Amino acid sequence: MMLLRSIRSRLIGLVVASVIPFTALIGMGLWNQWRTDQKVAFQRASAEARLIAAQVDDHIGDLKNLLSGLSVAVSSDPQHVDANDRMLRRIRSELPPQFAHLLLFTLDGDNIGSSSVNGRFSVSNRDYFRHILAGHDTALGRVIRSPTSNEWIVALARPVADAEGRLRAVLVAGTRLERLQDALTTTHLPRGTVVQVVDEHQTVVAHSSDGPSWIGRDLSNSPNVARHFAARNISEAIRWSDGIERITGSARAEHAPWMVSVGLPADVALASVMWRLGVGLLFTLVALLLAFGIAWMLSRKIVRPLRQLGQDASALAAGNLSHRTRVQARGEIGLLAASFNQMATALQQREDDAGRAADDLKQAKETLSAVIDSSPVAIVCSDPDRRIFLWNRAAERIFGYTAEEVIGQHARQMPPPAGPEQVGLIKRALNGELVRDVHVKRRRKDGKTVDVRAAAAAMYNADGTVRGVARAYEDVTDRVRAEEQLKRVAHYDQLTGLPNRLSLQKELGRLLSGNGGPTAIALFDLDGFKDVNDTLGHSTGDQLLIEVGQRLVDVVGNHGQVCRLGGDEFIVIMPGCGNPLVVGEVAETMLKRLAEPFKIGDHVLHVGGSGGIAIAPNDGRSVDELIANADLALYQAKAAGRRAYRFFLPVLRAQAQARRSLDLELRRAYSENELELYFQPQVRLADGAVIGAEALLRWRHPVAGILAPATFIDTLAASAIAPEVSRWIINCACAKAAQWRAEGLHINRIAINLFPSQLSDDTLLHDLNEALQATGLPAEVLELEITENVALDFGDAAVLQKIHDRGIKLAFDDFGTGYASLSYLTRFPLSRIKIDRSFIIKITDDASDAAIVRSLIAMAHNLGLEVIAEGVETTAQAAFLLNQRCEEAQGYLYSKPLPAGEFEAYLRDHPLADTVAQSDRRISRETKFQRRAAKPTRRAPAG
């Protein structure tokens, strides 16, 4: 009865004792629930604020993308106001209603383009305008009420730069704030929620409750607004101006210095807590009643088997190991009875096993001794005083000492020398640490050094005290040597010995992921390296690359690292260098060194280099992004004339994206047959007869209409479809020329412009032969035009010689504007040169241009080349060229480029060279010119 009363009293007492903590637990749960709900409300408010801030960023980003595209399309020339107005109004008509206006201003603040018809005004005193002049990429204005539409607006401005990156104009787009407020997604928020957007001047940009009366209101005196604006991202419970307490979250937009605040009503956010409080109290009462009943019933089922187990334990303690309990029950009592019987059985079995343990221990020692002696790993054991008492055969083989030489010796001397790492290894093991994979160098008895991988562990006595240290050594000399070789191959360029692309990726990744400050990279490639390989062989080219790498290393010294990216491209990493002046000086010095002559064997080589610079983190936060941006800057440097360097500018990325978009559009245009050929006549100056035509590519755009090549030809030339388009141009031009000749319209020449990539394409001659065979056009009628710069980059006249041998004529286009030396006129098998229109346009007004044209004509005639002048627009220009013995001309004086049908009509209405009698051609040039001069001058508008 005492035991019964004790168990029951304890169970009931436990239930009573659980009342207080259980109640406290419920209270803590409700408190935690309230805090959780409040936290969820705070998180939701912050999340909604960030979501709406992202919407604001999307709108600002749309504005930036719009301005980025427009900055390429608009003209900074004040004389193009009407064209700018038409374009901006057309684009504005296609935009959503929250876009207010599109404006273009000169650097003086005068308007030269507007999407509005409400007049023009100056923005020279506007803050966003001054920010753009100060060098900002974009500038966001203050909230103002438009003087023309009486609407609240905010203006976003960005610079318009020319091809060299110089500021030429300022482009501005306006946003209607009331329409912007309507566009913000707030319908999913609880009733009573207020969304407010303020700018950096703490002026209201948008307000979801009665927005028109709030926009433009100054909240700089509100401490809550100032605190939230300063914190950027914050959530707390505050009382708003309408007296309602709200869970308020604020977030700053990324693309605009605006803060978005979302206020959720506190009573709505925490309404569920009160309901949980009532449910929790009811659950507590029911649980207490059930606990009292269960405790009373369980107490009766526990007492009887516990008494029996007590008696069984006494019998077992008396030494009767065969005694077992007869208690059978479920639950913990049954498990306790089963455990009692298992314990008795285990005690009996342990007594039986003790006799076998001594025999097993002896056998294990013998087995262990055999394993240690036959192990390929050196095993050395020493006592706590570091005296060696075990030394297996592998240790003899690795270190060269026999067991007799080291047993009993101190580990500090055997084998010599035991360095600090050896002493540290033993100390760590004596302190109970399991040491693994420690790589150390040891010296053998014969003096040779070996690389070993060591492991150590303490050996213990039965009482737990340390009785020694066991060490294992594996000879990894060959493995280390192989790994070092593999690492060298994997991380260093085998030609120059410089770090390779993999090392570059790792080093840049480490610098960009750490806190080492800004990091600058300069990407260089060589100008004319292909010529060295093609003319002097790859071995000379390899020696040149080694010399280039050494010069770059000499310049950068200890301030950076030079890596070879591949081919003739090198990258210089300058950690901690964010000053463009310093980076520019280093790049300038490197380019000067690269421009110095290289002495390679018996050859003196003159090459140069171009460089592109990007500085992290402003120009890229990842390795790929930083290298890609430096490559864009390098592309800009090469396009600017080579042997120079350029810094990355964000506009280069925009231009690259624009080129990619244009490339995709050109692919579509080619597949949908939107490309077509126009033809411009080439006229003999002596008698005005049409002698030939130049085939010119045009793009019949479904929206923009007919586009001239200047808008797309550079992108098309670099596109993957350039070979297909060039093949189509050749086939189409040859087919048209053959058709006209078959119809009696004998033109003596059809000129085609070559893409730069065609000169290095082995299929060019094959394409030309196929076109001539398919159309029956004589080879001498076809003339291919290449520019000076293309010839300079290509440098190999073998392909052109094969074309010339086929009978096809070659001409230098845009002559006088490139960088080719006079030797190129004799190096290539040319038949004529075309003087660029930039010289022709001023020959009657500018003595310098006139002198240049005279010299070009005389030089060409002295070399046996014919001359054709392009861009002739006035009779005075034609008279000058005729007087200087220029044979032919083409330009708007005779005809603009015409579609094939109109050009055929032109041929029928004008004399052809083959139909003019030889006696007519002997008429004096002065008389012929006087008759042509009597005709009115025809000059087409620009473009």
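**Exercise 1. Find what joins β25 to β26, then work out which strands β25 pairs with.**

Step 1. Start at the join: a hairpin links β25 to β26 through three residues. Helices (H or I, at least four residues) and strands (E, at least two) are DSSP runs, numbered from the N terminus. This is a predicted model, where local features need pLDDT of at least 70, side-chain atom pairs count only at pLDDT 80 or more, and totals for chains, interfaces and linings use all residues. Residues are numbered from 1 along each chain as its sequence is written, and side-chain values use heavy atoms, with hydrogens and water left out.

Step 2. Look at the pairing across that hairpin. β25 and strand β26 (residues 705–707) are antiparallel, with three bridges; two strands pair if DSSP finds at least two bridges between them. Arg-700 has Ile-706 of β26 as its bridge partner.

Step 3. Now go back along the chain to strand β24 (residues 675–684), which pairs with β25 in the antiparallel sense over nine bridges. Here Leu-677 is matched with Leu-697 of β25. These two strands also form a hairpin, with five residues between them, and Gly-688 in the turn has a positive phi of about 80°.

Step 4. Add strand β27 (residues 750–753), which runs parallel to β25 and is joined to it by three bridges. Ala-693 sits opposite Ile-750 in β27.

Step 5. Check the cover. Eleven of the twelve residues of β25 (residues 690–701) are buried, so you can call the strand mostly covered. Buried means under 20% relative accessible area, exposed over 50%, and partly exposed in between (1.4 Å probe, protein chains only).

**Exercise 2. Place Phe-812 between its bridge partners in β28 and β30.**

Step 1. Phe-812 is in β29, opposite Ile-786. The strands behind that match, β28 (residues 782–787) and β29, pair in the parallel sense over five bridges.

Step 2. Next comes strand β30 (residues 832–835), parallel to β29 and joined to it by three bridges. In β30, Phe-812 has Ile-833 as its bridge partner.

Step 3. Why is β29 described as largely enclosed by the rest of the structure? Because five of the seven residues of β29 (residues 809–815) are buried.

**Exercise 3. Describe helix α16 and how it meets α17.**

Step 1. Get the span. Helix α16 (residues 538–556) has 19 residues and reaches 27 Å from first C-alpha to last, close to the 27 Å expected at 1.5 Å a residue. The expected span is 1.5 Å times one less than the number of residues.

Step 2. List buried residues: among them are Leu-544, Leu-545, Val-548, Arg-551, Leu-552 and Val-556. Just after the helix comes Gly-557, with a positive phi near 60°.

Step 3. Bring in helix α17 (residues 580–595): its axis and that of α16 come within 10 Å and cross at roughly 145°. Axes are lines fitted to C-alpha atoms, for helices over the stretch in contact, and angles run from 0 to 180 degrees between N-to-C directions.

Step 4. Name the residues that touch. From α16 they are Val-548, Arg-551, Leu-552, Asp-554, Val-555 and Val-556, and from α17 they are Val-586, Thr-589, Met-590, Arg-593 and Leu-594. Contact means heavy atoms within 4.5 Å.

Step 5. Sort them by class: seven nonpolar, one polar and three charged. Ala, Val, Leu, Ile, Met, Phe, Trp, Tyr, Cys and Pro count as nonpolar, Asp, Glu, Lys and Arg as charged, and the others, Gly among them, as polar.

**Exercise 4. Look at the backbone of Gln-202, Arg-885 and Pro-617, and say where each one lies.**

Step 1. Gln-202 has a positive phi near 60° although it isn't glycine. You'll find Gln-202 in the loop between β7 (194–198) and β8 (204–207). Buried or exposed? Gln-202 is buried, because its relative accessibility is 13%.

Step 2. Arg-885, another residue other than glycine, has a positive phi near 70°. Its loop runs between α28 (875–883) and β32 (888–890). Arg-885 counts as exposed, because its relative accessible area is 51%.

Step 3. Finish with Pro-617, which is joined to Ala-616 by a cis peptide bond with omega about 5°. Pro-617 lies in the loop between β22 (608–616) and α18 (623–639).
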